[in-house]
Amino acid sequence: MLPLPIACVIVFCSSVLAASSKPHIIVIVADDLGWNDVSFHGSDQIPTPNIDALAYNGVVLNNHYVQPLCTPSRAAFLTGKYPIHTGMQHLVILESEPWGLGLEEKILPQRLKDHGYTTHAIGKWHLGFFKKEYTPTFRGFDSHYGYWQGLQDYYTHMAHGTVREHFRYLYSAAFSQLTEELGYDFRRDMEIDWTARGKYSTNLFTDEAVNLIHRHNTSKPMFMYLAHLAVHSGNADNLVQAPDEEVAKFSDIDDPQRRVYAAMMSMMDQSVGKVVTALRQKEMLENSIIIFFSDNGAVTKGAHHPNFGSNYPLRGLKNSPWEGATRCVAAIWSPLIKKPQRVDTHVMHVTDWVPTIYSAIGLNLTELQDVDGHDMWKTISEDADSSRTDLLYNIDPVVNYAAIRRGDWKYIDGTTPAKEDLWYGSSGKDKEYGYDQRLVLNSETAVAIAGVITSMQIKEKELLGKATNKSDFSKQLLKLETISELRKSATVTCPELNPEELHDNTKCKPLESPCLFNVKDDPCEMVNLAKTRPMILMNLEEQLMRVKKTMINIRNTPRDLLADPLNWNDTWIPWQDDEEVKKFKLSLQTPQSSIAVILIGSACAAFVLTLTGIIIHSVRKSNVLKKQSRSANETDKIPSKSMREIEEQRSDEED
């Protein structure tokens, strides 16, 4: 227990922050980030000093669960609801499919705007764009800078179309196949931003975040949703992309695709550092909550957008019910956290963020009667017991799989393709690699947070009016020994079992019969206990049946060929929105609407000028010839006329 004077200081500092304004909320979402691709989880292969510094100074959320795919996870985060309660439970929104997160859903930025927040979305959306009402600036965000689709090229920002046939699961190619559709997808609010072409996505989003922070009016709290493209793959013709100078830093990684992935991860890590530094420079960091998490696990291999990430040692890939797809990287930092610098092992689900943020900033939780999420703020801040005892991984009625957890027990019935059911990815523990804790302490994130902590310690000392032992301060600077302890606690270890040598009774074959795992003792889901714990299996089956009764129909809608960018000057637009279509067509009539129009106009003008010159030259030449001809005729006539006059004159003289 802290001494009474220090406890008073904590209360005083907290009250000062609360009186000044509500906390700024910065949410940074990584795309398809593997469990083992941040170095605070124990891997030495890819250093992530800024993300590590955020996690070590705050709270590592080591049992944070998300949905197995992009669209459902983002919907769950913003609504606080399981996808089965919003119709988002089956796969993702493909490029030419006219559907999105239901407009009846009130999402987090809309709720925060009601309480005075300025709201910004940066990067990926992936919750619908076929009509403008489904896009970010019509759903509570004051601004959006980024793209609407699920992925794109990191430099050209072109997005390929994909298709599935009548929602039938295409096992041979994950769930989708490429089409000929290809279009530009980069926006500032509703306007196409052509200036982004040729610029690296991670840098664009980072610069936008930093600029928004520096321009922010600090009399109002900010909510920033920074959803990176990284480390999702690009289009199929160029899966992994990063600047050459960054790739060169990872020459010790033999696999060239994994090497580029490491550079992509490094660029995102640097982005985190720049955002935290900007908050410090703007004097906003002292009153901020920064959340970092991945929307789902990595795709180490396979046909569905592989990015060569690693979920080691967890089982499975993105788009599966296994831990590798759903138990994902997450951390939070804030000076408001009362017990920082620790690893939290309470189970948390992505739906919990809406009520947790509400609680952290002092809003009334009674506004959230319809959400599935739990308020986890006291658990995060004070290490208090959690009210969450179970969670739903997902129920997909089309693919016909379901997974649920209660306490330490996980039940799986059915699965996605078997190729996603095994163990993949680098351990990051090769002898060529090493972990430098000093990089963490010297990172931009660590430096900025150390500045805030030092300022808080000075205020505490001044308030007490006497010298204070450094161990008595309510907030402590991060130390090397603390890093070692936290990293060890955050590293998941599993028994050295060969899946091929497991006894038939303990092998999981979820397409044949349900499986049961104790994911606390067996986080790698290697030993199926369905036959040895039949009562637990039955109880979880009954619970799953009750949850299924609350599920609504999927919102998925078949592809619309009208969406093809070929119809819209090679861009993706809200093609079913009459107003947007009309505005787009009008823009094509303006020469400034595109370089192509300018070039065509210039060529036409040049042609007209050339043709006019030829005609003028021909007319002038013709006139000259006519004048010359007329002059010649007149010259011929002069002598004959003169002779007549002479003869007449002679005749007159003779008379």
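This report walks through the central sheet, the salt bridges and a charged surface patch of the structure above. The model is a predicted one, so please read every value below as computed from that prediction.

**The sheet and strand β1**

Let's start in the sheet. It is open, has 10 strands and follows the order β9-β8-β5-β4-β10-β1-β11-β12-β2-β13, with mixed pairing. At its edges are β9 (191–192) and β13 (342–344), each of which pairs on one side only.

Strand β1 is a good place to look more closely. In the order of the sheet, β1 stands between β10 and β11. Its pairing with β11 (residues 288–294) is parallel and runs over seven bridges. Two of the partnerships can be named: V29 is matched with F293 of β11, and I28 is matched with F292 of β11. Toward β10 (residues 222–227), β1 also runs parallel, here with five bridges. In that pairing, V27 has Y225 of β10 as its bridge partner.

How many of the residues of β1 are buried? Seven of its seven residues are, so the strand is mostly covered under the cut-off of under 20% relative accessible area. The side chains fall into two sets: H24, I26, I28 and A30 point one way, while I25, V27 and V29 point the other way. Both sets are buried.

**Salt bridges**

Next come the charged pairs. Side chains of opposite charge can pair when their charged atoms come close. In this model the count comes to 28 salt bridges. Three of them are set out here.

| Salt bridge | N to O distance | Separation in sequence |
|---|---|---|
| D37 and R258 | 2.8 Å | 221 residues |
| D44 and R487 | 2.7 Å | 443 residues |
| K81 and E105 | 2.9 Å | 24 residues |

The D37–R258 salt bridge, at 2.8 Å, links distant parts of the chain: D37 is in the loop between β1 (24–30) and α2 (49–57), and R258 is in helix α7. Both of these residues are buried.

D44 and R487 form a salt bridge of 2.7 Å. D44 is in the loop between β1 and α2, whereas R487 sits in helix α13 (residues 480–490), so this pair ties together parts of the chain that are 443 residues apart in sequence. Why does D44 count as buried? Its relative accessibility is 14%, and the cut-off for buried is under 20%. R487 counts as buried too, at 11%.

In the third pair, the closest N and O atoms of K81 and E105 are 2.9 Å apart. Both K81 and E105 lie in the loop between α3 (70–79) and α4 (108–113). K81 is buried with a relative accessible area of 12%, and E105 is buried at 7% relative accessibility.

Beyond single pairs, there is a network as well: D31, R74, K124 and D295 are joined into one by salt bridges that share partners.

**A negative patch on the surface**

Finally, let's turn to the surface. Which residues gather in a patch of negative charge there? They are D252, D254, D255, D430 and E432. One of them, D254, is found in the loop between α6 (244–247) and α7 (256–281). Is D254 buried or exposed? D254 is exposed, because its relative accessible area is 67%, and the cut-off for exposed is over 50%.

Technical notes. Residues numbered from 1 in each chain as written. Predicted model: local features only at pLDDT ≥ 70, side-chain atom pairs only at ≥ 80, totals over all residues. Heavy atoms only, no water. Patch = residues over 30% accessible without salt bridge, like charges linked within 9 Å, V, L, I, M, F, W, Y side chains within 5 Å. Areas by Shrake-Rupley, 256 points an atom, 1.4 Å probe, with all protein chains shown as cover. Salt bridge = Lys/Arg side-chain N within 4 Å of Asp/Glu carboxyl O. Lys, Arg positive; Asp, Glu negative; His and termini not counted. Charge placed at Lys NZ, Arg CZ, Asp CG, Glu CD. Helix = DSSP H or I, 4+ residues; strand = E, 2+ residues; numbered from the N terminus. Buried < 20%, exposed > 50% of the residue type's maximum accessible area, 1.4 Å probe, protein only. Pairing = 2+ DSSP bridges.
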